[in-house]
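Subject: Structure for your review

Dear colleague,

Please find below the structure that I am handing over to you. A short account of what was found in it follows.

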Amino acid sequence: MTILSGFSGCTGLTSITIPSSVTSINGSAFQNCTGLTSVTIPNSVKWIIENAFAGCSKLKSVIIGNNVNSISSFAFAYCPELTDVYCYAENLPSTDANAFNDSYIEYATLHVPAASLNNYKNTEPWKNFQNKVALNSGDITETPKCAMPEISYENGRVKFTCETEGVEYISDVVLADTHK
């Protein structure tokens, strides 16, 4: 499955965990999501296409799974708040030199597998991160799964509930919305 550009410009997103059914994040998929602060990309993703997260001006933390093969032009460009990138790929992804353009990675920390640390230190654009930190095998954790949400309808309102800690619902659906 590929995530297309349907979320581009969505300012209400604050944190994203891409589902494990996704293998590619298309160009501009989350471009200019200015409220986005963290992104978790699972091991299933192999390609992060150009401008995928470009212009996410509040993005601070990115977790990239271990199977990513390619990170295209400007994928994480114009993200000036970026402080931490965790890339679990032992085989360096083919990454365009401008993938992190104007994201001030010279002030950010790159966290990578210990076995690949020297390769990241010597390869563009990864070598431009100010700090490069080796991850121990115990540092690699699976992203916790969300509990199944429950949807109910009472008193003219659709109600969403979920046992996942920290879940926040951004929209409210009412009976008048049934035509949408």
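A polar contact is a pair of N or O atoms within 3.5 Å, and within protein one of the two must be able to donate a hydrogen and the other to accept it. In this predicted model, the side chains of Thr109 and Asn131 form such a contact, at 3.5 Å.

Thr109 belongs to strand 10, which covers residues 109-113. Because its relative accessible area is 15%, and buried means under 20%, Thr109 counts as buried. Apart from neighbours within four places in sequence, Thr109 is in contact with Thr83, Asp84, Val85, Phe129, Asn131 and Val133.

Strand 10 is also part of an open sheet of six strands, ordered 2-4-6-8-10-11 and paired in parallel. At the edges stand strand 2 (15-17) and strand 11 (131-135); each has a single partner strand, so one side of each has no neighbour in the sheet. On average, neighbouring strands of this sheet are turned by 10° against each other, direction ignored.

Within the sheet, strand 4 and strand 6 are joined by four bridges in the parallel sense. Ile41 has Ile64, in strand 6, as its bridge partner.

Finally, I turn to the nonpolar core. The largest one has 38 residues, and Ile25, Ile41, Ile48, Phe53, Ile64 and Phe76 have the most contacts inside it. Two or more residues each come from strand 4 (38-41), strand 6 (61-64), strand 8 (84-87), strand 10 and helix 1 (117-121). In soluble globular proteins, nonpolar side chains tend to be buried together.

Yours sincerely

Definitions and conventions:
Residues numbered from 1 in each chain as written. Predicted model: local features only at pLDDT ≥ 70, side-chain atom pairs only at ≥ 80, totals over all residues. Heavy atoms only, no water. Buried < 20%, exposed > 50% of the residue type's maximum accessible area, 1.4 Å probe, protein only. Contact = heavy atoms within 4.5 Å. Core = buried A, V, L, I, M, F, W, Y, C linked by side-chain atoms within 4.5 Å. Pairing = 2+ DSSP bridges. Axes fitted to C-alpha atoms, helices over the stretch in contact; angles between N-to-C directions.
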